[in-house]
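Colleague: I would like to learn how to read a model of this kind, feature by feature. Could we take the general idea each time and then turn to the case at hand?

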Protein chains: 2
Amino acid sequence: MRNLITDVPGIHVGNAHDPAAASGVTVALFEEPAVASVAVLGGAPGVRDTAALEPEMTVGAVDAIVFSGGSAFGLDAAGGVMSVLSMRGRGFAIGAARVPIVPQAILFDLNNGGLKPWAHGGGGEPPHRRLAAEAVAAAAPDFALGTAGAGYGATTANLKGGLGTASAVTRKGHLVGALVAVNAVGCTTVGDGPHFWAAPYERDGEFGGLGAPRHVPASALVPRFKGGPGANTTIALVATDAILDKRQAKRLALSAHDGLARALRPAHAPLDGDIVFAAATGRRPISDPIYDLAELCLLAADVLARACARGVYEATALPFPGALPAWKDRFGHRGG
Amino acid sequence: MRNLITDVPGIHVGNAHDPAAASGVTVALFEEPAVASVAVLGGAPGVRDTAALEPEMTVGAVDAIVFSGGSAFGLDAAGGVMSVLSMRGRGFAIGAARVPIVPQAILFDLNNGGLKPWAHGGGGEPPHRRLAAEAVAAAAPDFALGTAGAGYGATTANLKGGLGTASAVTRKGHLVGALVAVNAVGCTTVGDGPHFWAAPYERDGEFGGLGAPRHVPASALVPRFKGGPGANTTIALVATDAILDKRQAKRLALSAHDGLARALRPAHAPLDGDIVFAAATGRRPISDPIYDLAELCLLAADVLARACARGVYEATALPFPGALPAWKDRFGHRGG
């Protein structure tokens, strides 16, 4: 166990980013098509090929899940992944054709200091399709956290956002992992202090080991929002090696949103497109379809909360004037 | 401000219960029809007349919202409220008829020690329709908490559940309140200790003022579920005096679920029917449809988290052998 979503057998993750644009892409690649679903609970989502993931829809499994910066411009990214996977012979067979199933969600990182003429009337092609092809080529068991991939340009209301991950194992031995690009409308930390909202769920000092404040002052509960409606979205994937059907994957995605609720304040606002994909690589059956699933759901929320804090904890600041500080810049002397 | 949902102008709340059956009903009654919506995020819900609350449906406002025990048997309760309201001339006019709009959700309290022959093959009429008529007649600005109304028979995995409420005000002066019957599949408290998961959100010692544990031991994170699939559900209403449309009310309901996520572990499981209604009594306009709504959403999650803890904090144990202890029985010497 390396506390990565890739502890779940059958998943590799790859990142790519464009430093000048300050945007990037993360791809979760499944060795075999994985049963998947999705739950969109934020008010301003940006997605591609997610309708097929509803339980009543026909397509049952996905080849990859893509997270991208670039707001809706970034929705080209999945095409880059499809190109690579098509050449590898992957995809849903329809006659002689094969269509790789690559659902995607985006986050807004257009105003973070990077050069993005394609989003400011200057034309040119956004980099995300190219970055996505690079990311899928780089997919491996190990991958960078923090200011990396889709988290490269991500921010929160008070600190640099980033890419996070975590994993856990159920009492019956099923693996559960989370991958998240944290670009929240609010904060992962309590007030102006170093503590993470997700502190109760932390394991082994994975995001500094500071614990929780014993009492939260009222001042720390005053609403704080990042400027600009639509300038936010936290995108997540939870995955397990359990054998689940789409209906169960949908439940896993819905329950895992509680991890966003516990790690971010606020989450699920009119101002964000908070979304969770859930995927099952199907290596180990569950023996109790209710209680085993309930435990997977509980752990999915836990690992997602931890992954959110870790994404911010591991981030480094962008090298632009006025860029938000990273957690370690502000508080690093107090944590790991 | 009395820290009740009835701090929101235009709402009264009434309770009624049957001690022998150990079940009850809570009614939130709106002085004028309130714009309302609902979000069902649990996996095992029991509802009545909720489809009409989706934003694309025609009926725009509700006369009352009902919470009831009795599992699906309790879905008769709304009929009792409709009878009373019909005699008061309330309801959606269709020709000469008036149909009071009274959506409802139930919770499971059938195995809590009370006598419920109607749920065990013994026949007879469940008490909820009658209790609901009593509850709407009793509706007032003040109402009992804890073991009262729909919370009368409610439980959690380790402690007696109950009816909770809380309120708050936005920076622009809009009121936000929550009402909840806590019957969670999991716990509102951390491990075997007295601390509530909702502690970071507590105001003025409303549920004992103990704060949060600085570090949560791994043992406190081991999954704990109440026995019996379907034996759970936490039902909530969040309300505001803001003028909202149904679409905004839906967003408020969705966002408020984060309060359940923060106060309960787990929430939104395959084993519960966790549901949040949202209602707007429409006394004060919002000036910014994005940020004002975002603040209402944030506070709705806060007040709901607080209301959940308070419902358990205020509960008293049922007088049956083997009944779950109340929080104050176990920890009362440490809190309020």
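Colleague: Let me begin with a single side chain: is Glu134(A) buried, partly exposed or exposed?

Modeller: Please keep in mind throughout that this is a predicted model. A residue counts as buried under 20% relative accessible area and as exposed over 50%, with partly exposed in between. Glu134(A) has a relative accessible area of 38%, and is therefore partly exposed. Its salt-bridge partner is Arg130(A), with the closest N and O atoms 3.1 Å apart, and Arg130(A) is likewise partly exposed, at 45% relative accessibility.

Colleague: Where do Arg130(A) and Glu134(A) lie?

Modeller: Both belong to helix 2 of chain A, residues 128–138, and they are four residues apart, which corresponds to about one turn of the helix.

Colleague: Which salt bridge links distant parts of the chain, with one partner in helix 4 of chain B and the other in the loop between strand 8 and strand 9?

Modeller: In that case the side chains of Glu295(B) and Arg171(B) meet at 2.9 Å, N to O. Glu295(B) sits in helix 4 (residues 291–313), whereas Arg171(B) sits in the loop between strand 8 (162–169) and strand 9 (175–182), 124 residues apart. Glu295(B) is buried, with a relative accessible area of 9%, while Arg171(B) is exposed at 52%.

Colleague: And what is the accessibility of the partners when Arg306(B) pairs with Glu206(B)?

Modeller: Arg306(B) is buried, with a relative accessible area of 2%, and Glu206(B) is buried too, at 7%. Their side chains form a salt bridge of 2.7 Å, N to O, and this pair also links distant parts of the chain, since Arg306(B) is in helix 4 of chain B and Glu206(B) is in the loop between strand 9 and strand 10 (235–242), 100 residues apart. Elsewhere, salt bridges that share partners join Arg2(A), Asp7(A) and Asp142(A) into one network. Over all chains the count comes to 26 salt bridges.

Colleague: Turning to the backbone, which conformations should draw my attention?

Modeller: Most residues other than glycine have a negative phi, and most peptide bonds are trans, so the exceptions are worth locating. Thr233(A), which is not a glycine, has a positive phi of about 160 degrees; Thr233(A) lies in the loop between strand 9 (175–182) and strand 10 (235–242) of chain A, and is buried with a relative accessible area of 2%. In chain B, Ala22(B) has a positive phi of about 55 degrees; Ala22(B) is in the loop between strand 1 (11–18) and strand 2 (23–40), where Ala22(B) counts as buried at 0% relative accessibility.

Colleague: Where is a cis peptide bond found in chain A?

Modeller: The bond from Arg265(A) to Pro266(A) is cis, with omega near -5 degrees, and Pro266(A) falls in the loop between helix 3 (246–263) and strand 11 (275–284) of chain A. In chain B, a cis peptide bond joins Arg265(B) and Pro266(B), with omega about -5 degrees.

Colleague: How are the two chains related to each other?

Modeller: Two copies of a chain are related by a rotation about an axis and a shift along it. Here a rotation of 180 degrees, with 0.0 Å of shift along its axis, superposes chain B on chain A with an RMSD of 0.0 Å. That is the relation of a two-fold axis. The same surface serves both copies, as 100% of the contact residues of chain B recur in chain A.

Colleague: What can be said of the overall form of chain A?

Modeller: Chain A has five helices and eleven strands. Its radius of gyration is 18 Å, close to the 20 Å that the globule rule gives for 336 residues, so chain A is as compact as a globular protein of that length. Of those 336 residues, 67% count as buried. Among contacts in chain A with a separation of 6 or more, 79% come from residues 24 or more positions apart.

Colleague: Which residues form a nonpolar patch on the surface?

Modeller: The patch consists of Phe92(A), Ile94(A) and Val99(A), with about 250 Å² of accessible area together. Val99(A) belongs to strand 6 (residues 97–99) of chain A and is partly exposed, with a relative accessible area of 32%.

Terms used:
Residues are numbered from 1 along each chain as its sequence is written. Chains are lettered from A and ligands numbered from 1 in the order in which they are written. This is a predicted model: local features need pLDDT of at least 70, side-chain atom pairs count only at pLDDT 80 or more; totals for chains, interfaces and linings use all residues. Side-chain values use heavy atoms; hydrogens and water are left out. Copies are superposed by least squares on the C-alpha atoms of residues with pLDDT of at least 70 in both. Contact means heavy atoms within 4.5 Å. Patches are made of residues with over 30% relative accessible area and no salt bridge: like charges are joined within 9 Å, nonpolar side chains (Val, Leu, Ile, Met, Phe, Trp, Tyr) within 5 Å. Accessible areas come from the Shrake-Rupley method with a 1.4 Å probe; for residues, only the protein chains shown count as cover. A salt bridge is a side-chain nitrogen of Lys or Arg within 4 Å of a carboxyl oxygen of Asp or Glu. Helices (H or I, at least four residues) and strands (E, at least two) are DSSP runs, numbered from the N terminus. Buried means under 20% relative accessible area, exposed over 50%, partly exposed in between (1.4 Å probe, protein chains only). The radius of gyration is taken over C-alpha atoms; the globule rule is 2.2 Å times the number of residues to the power 0.38.
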